[in-house]
Amino acid sequence: MENSTYKVYEDEIQLLEEEIKLLAEKYDDVKQESTFYSNEEILTSIKLFQREFQGESKGQECPSDLKAQLESLEREISFLMKFTGIQFTSHSKKTLEKNENRTVQKHRLSGNCRSLPFQLEFQLLETRDKENVSAVITDLSIVMESGEYSDLSKFVSSTEEHGNLLLFFRSLSSYAEWYEHRRCTFLHFKAKYPDIVALPEGQLGDYIILRNPKLSGFELMIVWKIHIDEEGRTTPVLDLLTKVPEQVLEQKMGPIENAPTCFRSMLLLFGIETTIENLIKVTGLEK
């Protein structure tokens, strides 16, 4: 009789141990899914929440103050977006590792810099000791439509290698500004001289063609590249190419040969827009 009673108790104890083990495994899973927040961090967050919304802190800010701060932050973000042209459209973050000394998070970002879309993926490693906290970016991957722009493609590759996000965004802002300026300039002259100016690759191309409507075969090609080196320095590079019928070339050999050199000199003196405008008039392309 006693043996059977003990057997029942042993079975119940075994069932309880299995249930405890199962609950412990579930608890570990929940801790993992909660991105490794410690008990101290959770308690701190709860206390902050209570102070802000239940009035436990004497220095609690009223809703109107919080609203004013939010509006101020929104104005600052709007200013930065207009100033840099950078706008983020999505962001996701996943904690891969977290303990007392280090945290590893994986970030995904996508957005636009003016008319140029971009996607980023990287890992952020934070290490801390008693005095300092340091952060390092690793495994940086940048996706842009840079295949046709060799300079931009080289810069992106160099940035991925060095993991320099600050340099990437600063240089991308400058590059995109010149990219947009070129697009607007081409559209301006196309609208002003629709019978003379042609955009074979559309408004996003890097050259325009000037044609004389009275002289078949006469063309001037203005090529406008945007050079960006591995250190992020952005420079517009313009050049002039000529296509002239033989009969015209025989009559005006000297001026035609010197046209590219004169074009570059005019760029230094007058700037891009005025030089293109003067080129149209000087070469007799204006009606």
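## Where H5 meets H8

In this predicted model, helix H5 and helix H8 touch through a set of residues from each side: Trp178, His181, Thr185, His188, Phe189 and Lys192 in H5 meet Ile272, Glu273, Ile276, Glu277 and Ile280 in H8. H5 covers residues 165–192, while H8 covers residues 272–282.

The axes of H5 and H8 come within 11 Å and cross at roughly 25 degrees. Because angles under 35 degrees count as roughly parallel, H5 is described as roughly parallel to H8. The crossing of H5 and H8 is, in addition, right-handed.

## H5 and the sheet

Besides meeting H8, helix H5 lies across the strands E1, E2, E3 and E4, and H5 runs at about 165 degrees to E3. Since angles over 145 degrees count as roughly antiparallel, the direction of H5 is roughly antiparallel to that of E3.

The strands E1, E2, E3 and E4 belong to an open sheet of 4 strands, which has the order E1-E2-E3-E4 and antiparallel pairing. At its edges stand strand E1 (86–98) and strand E4 (133–143), each of which pairs on one side only. Neighbouring strands of this sheet are turned against each other by 20 degrees on average, with direction ignored.

## Pairing within the sheet

E1 and E2 form a hairpin that has 3 residues between the two strands, and they pair in the antiparallel sense over 11 bridges. Within this pairing, threonine 95 stands opposite glutamine 105 in E2.

Strand E2 (residues 102–113) is also joined to strand E3 (residues 116–128), by 12 bridges, and these two strands likewise run antiparallel. Here leucine 109 stands opposite leucine 120 in E3. For a reader following the side chains along a strand, it helps to keep in mind that in a regular strand they alternate between the two faces of the sheet.

## The protein as a whole

Taken over its full length, the protein has a secondary structure that comes to 8 helices and 8 strands. Of its 287 residues, 30% count as buried, and the protein exposes about 19700 Å², of which carbon and sulfur atoms supply 54%.

The contacts can also be viewed by how far apart the partners lie along the chain: among contacts in the protein with a separation of 6 or more, residues 24 or more positions apart account for 44%.

Terms used:
Residues numbered from 1 in each chain as written. Predicted model: local features only at pLDDT ≥ 70, side-chain atom pairs only at ≥ 80, totals over all residues. Heavy atoms only, no water. Pairing = 2+ DSSP bridges. Axes fitted to C-alpha atoms, helices over the stretch in contact; angles between N-to-C directions. Contact = heavy atoms within 4.5 Å. Buried < 20%, exposed > 50% of the residue type's maximum accessible area, 1.4 Å probe, protein only. Areas by Shrake-Rupley, 256 points an atom, 1.4 Å probe, with all protein chains shown as cover. Parallel < 35°, antiparallel > 145°, perpendicular 65-115°, else oblique. Left-handed = near helix turned anticlockwise from the far one by under 90°.
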